[in-house]
Structures are given as C-alpha cells and as structure tokens.
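Work through these exercises with the model open beside you. Try each task before you read its solution.

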Amino acid sequence: MAKVSAEVQEQWEPYVHWPGVYYPRTPYRGTPAWRLPGQDVVGRLGREARLAYARLVLHGLASWEDARFASVWTSAGSHSSPDRERAPTPLGAFVREQPWLPVRGRDRAVRFVRPADAWHCPPGLEEEPSYAPTVDHRVRHLLERGKAGDRRREMQLPTWDDPRDSARLIAALGRLAAEGALGAEDRPAAQRANERAWKHLVRRPHPALPKGARLLAESGDRLISVPLSALDGRESDGDGDAGTVLYISGERDSLTALLIREMARPLLTLPGVSAKAAELLAAEHPTTVRHTDDLMFTVTVDGTRVNPGAMGEPLVQQLPWLTLAVSVLSDHLARGPRASEAELSELTSLVRSVRLHRYRSWDIELDGRPVTLPGRLGGVLPIPDPKHPLVLAPAGEPAWPETTRIVVAVAELLGRREFGDRLRLAAHQLASRHADLRDPGQEELADALEVTVHQVEETRLRIDGAIGVVLERCRPFLVHLLGTETANSLFLPPPGDTREFQTHLEEYAAELPVLVSEFIARARAARGTDELRRDLGIGFAELNDTLRTMSPPLEPVSHADEHEEALRTYLDLRKKELVNRLRWAVLEDFDARRPVPDWPSVRALDWITAPEAWEYTMDTADTGSLEAHVEEQLALRMGRPVPLPRSGERLPAPDQVRGANLRTITGLAAELAVLVRAAGHPLPAALTAAEPAEEVTTRLEAAGALDFRHLSPTDVVGWLAALGQWPDGMAVATDPERHGLSGADLDRVRNAAEHERRERERKRRSISVGGRDFDVHSGDFTALTRELDRVLQSGSAPGITAAGPLRFTDPRPQTGRTQATGRTRGWRYGGGTESGLTTAQREAIGYVGEWYAYQWLCARYPDHMDETCWVSGNRRKAFPGPSGDDGLGFDFRVGSGSQPYLYEVKATGGEGGRFELGESEVRAARQHAGNDRWRLLVVTHALTPHKMAIQMLPNPYGKRGRGRYREEGGALRFSYLL
C-alpha cells in the first residue's frame, strides 16, 4: 500500500484486489496512484466547505484523464507475456465510493452521499422528483461538462429517466414506497416515472432487475412496495400474505384491474408494456406474477353472463340530475384549469352513456375461483366498457341508500375517482333532506354539492347551450352531407346558440338523415365522431375521406383496435381447425424428420395481425374478410402459394399426442443417457443434465416433433439424431443388442448414475458437523442436537466456554452507505454467502448457530439464562413446551424486567463478514437504536466445532454501530470487517 494517511488508506484499500494475478511471486511496477488533497478530511468539514469541495471535484471530472482514476501494474521481468492489472487510485476510490456528492430530498436539506446513492436530473427533465435524493441544483450543471458525462457512468451515478438506468429507477421507486417517502401528492408523478422506467427496461437487450429489488405497485388507494423476494412464495410481506401474487395490467380502468384494486391486491399498471413486463417477471416467479389478460374473469347475473352492450337502461332515466351534478363538480370544484365546453360536453356524453342493470343473483369468478367483493360496495359493481359502461345493482325499488353507492360506481366509470366521495356525500345530504330522487330542487342540489345556486345554473347553461361543442361535432358531418361551401355558410358568422343554429339548419333538413332537432341532440349526446357516424348511418371510409380533405384536415377515425379484436376472436373460435390444417400441411416434413422452423410460434397463431389497410377503410371486419386474410397469411408463412389443405389424415388431438409424447420422453430420456454412456460415447448436450427429459422435450418441441403422431422410443432417438443430439456412428436404436451391450452393461452404468444421484441427494439433505453427516431434510434435529451436546461435553468447541468479560466486538469503520432503507428477506441464518445450500441446510445452520448461542449466553448469564429465554421458533427443536415466535425480531430475551437484553443470532458455515436482516429484525433494531439492548451474535464456522466462534456486534442502527457496517445490494444486507 502506498504511503498515504490512515484515512485515505481506509477509503482505498477495500477496492484494491487482484484475484487473477498471474505471477504472485514477481514484483509489479505501477503507474502513479493519484489522490485528492483533502479527501481524508473533507467528511469532517462544514456544509458550505463540503459543497465547495464537491464543486472542485466536479470541475476536475470534466477534464481529468483516465490515468487519474486507475493505475496499471505490470509484472517485472516477464518480457514475453507481462501481466497487467488495474486498480483504482485513491482518487478513483474516493469519487466512486465516498459520500461527497451534495443532494436534496423532500425536506430540501443538503446531504452528502455516494454517487451511486444519488440521482442526476438532466436539463429538460419534464418532472423532477422532489421525493428522491437528486443532485443539488447548484452543482448539477457541472455534470454536463466535458468528460463528466462519461464519469457519471463510471461512478455509477444514475440519471433519472435514462433508459440505461431504468432497472435502478424501478428499484428506487419501490424502495421509496417502502420507506414511506411517497406522499399522496407524489402518486401521479411516481407512477408516471415507474411506467416510463418499465417501458425503457423491457426494450433493453437483456432486461433484468437488481437482486433484492422492490417494485412500486398499488393496493386499493395507496402505493405499496412489493419485494421480489415476496413473489417466490416463501415470504410474508408487510403488504400482503405469504406467497404474494402481483397482478400486472395494461389498462388502469379495465374491469379486472378495478376488481383487483377493490380487493386491495398488489397491482402494477403499465400501459403498452404490461405483457413484456409480466413475461420478464414471470420468468423468475411463474406462479406469483399474473397478467390480467391471462385471468379468466367472469360476471354472471341471474344465470346470464354480463354483456354491457345488451343490458340495462340509461342511468339518467332514474337519476336525471346526475349529469348536472357531475358537470358542476368538473366545472367548479375540480383541481386545475376550469373545464372547457368541449370537456364538459365529453363528460356529460359519458354520463349519459352509463347504463344500469338490476339483478337478483350474481356470481363473480377470477381464474375459476369465486370472488367476494368488499362489503362496502353493497352489491354495486361498475363494469367498464369503451362503448357501454354499465353499473350492476341489486334488484329493488330505487332509493337514496342505494344511490350513494351507485354514484361512486359512476365516478369509477368516468375515470374521475376523486368525484366519488363528493357525489356520495351529496347523495347522503339529499337523502337527509328527503329530496325527490329523480328531481331534487336546484337549491337542494347546490347545498349538497357545496356550491351556490348561481354556479349550478351557470353550469346548466354551459352544458345545455354549449354551442361551440355542438358546432365542432356537427361540422365534419355537414361538410360530408352538404358540401364544404354550404357547411361553411352555417358556421360563418358563428350562431349564438343552438336555437339559432337549428333555425339555419332547417333549410337543409331534407338532406339530413334525421330530423334537425334529432341531429343536434345526437351530436350533443355522442361521445365521439365515430359514435355519431354510426348513429347517422354514414359510411366509415367515406367519412374518413371527408375528414382528410377538410381544411384544416382532421384525423381520420381508426378501427385498428376493433379489427384486431375481431381477428383474435375469429382465431380463438377456429384455432383447433387451423392448427389441424397446419399439421396436415407439414406432415410430410414431420414424417421425414425435417424440423419445422418456429413451429411453436406458428402453432400459436399470434403472429397473424389485422392488415394496416383496414384501419381507415373498413368499418367492421366481417367473417369473410377475416377468413380471406387468415388464409393468405397461413399460406405465406408456410411458403405455399395455395390455401392450406382443409382435410387430411386423421391425426390424434394435439393435446393428447403432446401429453403422450411428453410421458414417453420423461420415461425414456434418462435411459438414453445410460445407453450412450454404456456404449462409450460422450453425451450430447440434450442428455447431459441429471434429469435430461426437460432438455430433450424442449428441443423436440422447438422442432415440431411432438404435435403429430405418437412417438415410439426409436422415433425419439431418430429425432435426436436429426437434431444432431445423438452420437455420430451410434445406431439410431434403443435396443442394447444393436449396440453390442448386455443388460449387465446397462446396469453398471445405471448403478453408477444412481449412486451419483443418491450421493447428490444425500449431500443436499445433510449437513456435516465435526466430520459427521446429519440428515436435516425432515426438520427433526434430534440426532444433530445430540451431537452438539456431545461436542459441548467433550470440550471440542472452545468458542462457547472461553472465559472473558461480555463485550462488544466493534467492526472497523466502513465507507459508503451505512443506513439501509430497503427491505429484504431475513433468514434464520446469516453472516456469509450460503449460495448452493438448500432451504433445509440453511435452516439447520441457523439452528446450530442458535444452539451454540444459547450455550454461550448461559455461560455469561448463569443467574438469568434458561430455556425460557430462547424465544425463536428454533426453541421447539431443542426443548419441549410452547413454540417460539420468529416475528419478534430477536432470538433470545435475557432478563424479565422492563429492559431486557435482546439477542439476534446470525450463523454461517464460513468466516462471516455479511448478514441480512428481516422485516421484524429491522423493526426491533430501530426500536432499540437509542440503547445497546438489541445486539447481534454472529456465529462463524458453525459446522466446524474447533473453529466455531461467537462475537457480539452492535446494533447497525444504534450509535455504537453507526458507520461500522456497509449496506450491499440496495437491501438490508450488511457487510463488516473485524
């Protein structure tokens, strides 16, 4: 280590390591190791001095050469092939790992953090996150100069809304939600940032989230944080039950999303990228991540499945005042600028389109499971639909109590949930005044909505006489029906009100498809141009031609979504027939064992999409058009100029033959591996796994070999040979005699393979203590405990009984983040990297650690310690009596007074240096951060009695432990140095 101060050495040394050095006994010569003046003392300076120092560093980042950040060390005397190793300079280690960068959060107070713990907001950012630690605006511009942009990446300083940092942004938003840093006012901006980050992430070449990340989601009306670890089905999260299921939706107001939100289940809404996001997450969590499109959600009322377009009557017939009430809220009480006449017209049209259907009984199922709605809904359920929004309500006479629930449902359908409470309270007040349900007085309505009568009248006039909206809606149709010149004469000069407009229009009544009064009424009620076109019976393509030729031209109406939906329905109804035709088309290839490229994709039919040419020209895609398009696409995909065959050899049903072939491969693959080994050939890639059936199935599936005929064992081998997965020169046969093998030859290979399998399984079920193996898979630790007791009695574990005062072992001060804020899974074991262990092995190591800790505490508290002090769930494995509680946040409670000592045990089979804290442990540690009563007992080398040691470490959140632990991975995983 170069001659530097002790402080600089502490900053630098942890990052200087050469694990792959070629010549460990050869001297190395290095380039200069640069450091910054004052980097060892800047952390002790005042705020303004540290801010000035940060400015100097940022100025340097814009111009310093690469040699300032890393030194190169070359082996001396190795002229032919010298080894070169790179190591960060003290300067490089400082700028990347020390808390020197000024940031501000919600409280606007300046803090100094590592670059990796800050966020840079580039110029032009639309929404700066006030809730996140962003680089202080006084120095932010310096990060855009010279080479500073490249240095940002090297320092791991993320940039808000940068696609390259999308994974970190997703994890950061989840962590902020877990910390409670996102208030109600932050919800829209945080959700928008989350949606943008997901859009960027799924478009990355190899998208992945940080290990231990949390996801920002919603549950009911609040934002929540869902840890990825809660999706593996093994952990209970504070926001959900064990085995949390995360639902992902592409539509915020879809029926399924609405129901999931009402059930307060975790919901992640990602318009446009929900399918890709669900695919990404489901790859690691296939059973606990569900896309709402994959859920089978059905509502049945009175034995009939709900069809919004064919049920109910307009709600305004029962509640005529509702349109005015909603308009008043939007006109006078909504946040932001006052609603325009166009916005009011659109809102009133939407209210008028809501229908009400009354039922006597209903059943709701989600994925085939009955769903019980929250009691607060009172049997009222909004059914969103683009054209026919529907409210379901119990059968009965209309009354105010029911109306209080209906108006909330209407607010949901309008996408104005903030109106729900106001409308509900207004209905309650009208009920208390015994107002007429159909026609409450204008004064009563004004009082209920907490506005003046004048404001109600003003809104009524706006929605009844909104001539501007009517003219805008009518203009393209009048141009289409009457011609541009005549239509323009009706608008110039603009009519003063609808009566004047109607009077002028009467002159052309004969050229209109309906009465003039009806024409204006329909224009006012329609929710859009296309809806009015349908009402008037005007051709789709013809109107689009008119819209394009208007001055200025208007956007033509698109039916792309409707066509795609019609195509999907057509394919769903005919999928079995079409798949059979595809099988007949390539049956000859199958019989010749020629792989069919992309067969799984071909069979899925999801590659067939509606033609772009239909978007603006075809009103409705009828069956004939869909059939012709599908036939054309199938022929093109299969490379055939004529339609696919409509009949052919009778083949078994796809699901039956696929299932049968899977069973054949499952029973055969391992035996094929035995056969190849016995014949003295190396195993091909498809047969190398311990359980090769999955890989063989995958390869044959991709080639299209599983969907046609029942495969015999010889067929399977033949397909492996066709795919290059059978040894060259080895006969394509499963009969051992064809390979010159006897049953004894196969048995020898089987026995060897079985011995290897059993040995692997035995090792996965066991732990070794002092050279003796113990099966821990069953959870019965009786024999293990007996061995631990023998070790104790024989004195083979001196780390338990070693004399000495009870004192803390203080880790060396650490650099970087010392206050963790995220959450992760807390194991009953800890202290090392226990990768590769099974759950049973981890639990057993945790038990061994607690057993040693119990004996250690008994030796140090002889007058206070007994079995009742062991309070964790592992207690039951060692002593009779009640089970312990793993949710307390500690394993041992020593002392029965009001201030007992609390010990949390972390055990590892290695040297320690790292541990994780669980949810309850974090709560307990924080609760006792002001004293030294919550402590860590770290048991190292737990499975090697003569090396086993126990050390008492301070609370990471307490005064004594602060600055002595380093947080790793963005979760509650700590490392320490002794």
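The accessible surface of the protein comes to about 46,900 Å². Carbon and sulfur atoms hold 49% of that surface. Keep in mind that this is a predicted model.

**Exercise 1. The whole protein**

Task: Describe the secondary structure, the span, the burial and the contacts of the protein.

Solution:
- Step 1. Count the elements. The protein has 33 helices and 28 strands.
- Step 2. Take the span. Along its principal axes, the C-alpha trace covers about 110 × 85 × 70 Å.
- Step 3. Check burial. Of the 978 residues, 47% are buried.
- Step 4. Look at the contacts between residues at least 6 apart in sequence. In 67% of them, the partners are at least 24 apart.
- Step 5. Turn to charge. There are 126 positive and 137 negative charges, and their mean positions are 8 Å apart.

**Exercise 2. Cis peptide bonds**

Task: Find where Pro493 and Pro552 lie, and describe the peptide bond that leads into each.

Solution:
- Step 1. Go to Pro493. The loop between helix 17 (484–491) and helix 18 (498–505) holds this residue.
- Step 2. Read omega for the bond from Leu492 to Pro493. Omega is near -5°, and the bond is cis.
- Step 3. Go to Pro552. This proline sits in the loop between helix 21 (540–549) and helix 22 (560–573).
- Step 4. Read omega for the bond from Ser551 to Pro552. This bond is cis, with omega near -5°.

**Exercise 3. Positive phi**

Task: Place Gln156 and Asp302, then give the phi and the exposure of each.

Solution:
- Step 1. Locate Gln156 in the loop between helix 5 (148–154) and helix 6 (166–179).
- Step 2. Read its phi. Gln156 is not a glycine, yet its phi is positive, about 65°.
- Step 3. Classify Gln156. Its relative accessibility is 35%, so Gln156 counts as partly exposed.
- Step 4. Locate Asp302 in the loop between strand 12 (297–301) and strand 13 (304–305).
- Step 5. Read its phi. Asp302 is not a glycine either, and its phi is positive at about 50°.
- Step 6. Classify Asp302. At 36% relative accessibility, Asp302 is partly exposed.

**Exercise 4. Two helices**

Task: Work out how helix 16 is oriented relative to helix 18, and which residues meet.

Solution:
- Step 1. Find helix 16 at residues 467–482.
- Step 2. Compare the axes. The axes of helix 16 and helix 18 come within 10 Å and cross at roughly 25°.
- Step 3. Apply the cut-off. Angles under 35 degrees count as roughly parallel. Therefore helix 16 is roughly parallel to helix 18.
- Step 4. List the residues on helix 16. They are Ile467, Val470, Leu471, Cys474 and Leu478.
- Step 5. List their partners on helix 18. They are Thr498, Phe501 and Leu505.

**Exercise 5. Buried or partly exposed?**

Task: Decide whether Thr609, Thr292, Ala132 and Phe781 are buried or partly exposed, and name what each touches beyond four places in sequence.

Solution:
- Step 1. Recall the cut-off. Buried means under 20% relative accessible area.
- Step 2. Take Thr609, in the loop between helix 24 (599–604) and helix 25 (623–637). Its relative accessible area is 41%, so Thr609 is partly exposed. Thr609 is in contact with Glu564, Leu567 and His629. Thr609 and His563 are 46 residues apart in sequence, and their C-alpha atoms are 8.9 Å apart.
- Step 3. Take Thr292, in the loop between strand 11 (289–291) and strand 12. At 5% relative accessibility, Thr292 is buried. Thr292 touches Ile248, Ser249, Gly250, Thr256 and Ile260.
- Step 4. Take Ala132, in the loop between strand 5 (110–113) and strand 6 (134–135). At 1% relative accessibility, Ala132 is buried. Its contacts are Arg104, Gly105, Trp160 and Leu176. Ala132 and Trp160 are 28 residues apart in sequence and 9.9 Å apart, C-alpha to C-alpha.
- Step 5. Take Phe781, in the loop between strand 21 (772–775) and helix 30 (782–794). At 4% relative accessibility, Phe781 is buried. Phe781 is in contact with Val776, Glu843, Ala844, Tyr847 and Lys877. Phe781 and Leu857 are 76 residues apart in sequence and 21 Å apart, C-alpha to C-alpha.

Notes:
Residues numbered from 1 in each chain as written. Predicted model: local features only at pLDDT ≥ 70, side-chain atom pairs only at ≥ 80, totals over all residues. Heavy atoms only, no water. Helix = DSSP H or I, 4+ residues; strand = E, 2+ residues; numbered from the N terminus. Buried < 20%, exposed > 50% of the residue type's maximum accessible area, 1.4 Å probe, protein only. Contact = heavy atoms within 4.5 Å. Areas by Shrake-Rupley, 256 points an atom, 1.4 Å probe, with all protein chains shown as cover. Lys, Arg positive; Asp, Glu negative; His and termini not counted. Charge placed at Lys NZ, Arg CZ, Asp CG, Glu CD. Axes fitted to C-alpha atoms, helices over the stretch in contact; angles between N-to-C directions. Parallel < 35°, antiparallel > 145°, perpendicular 65-115°, else oblique.
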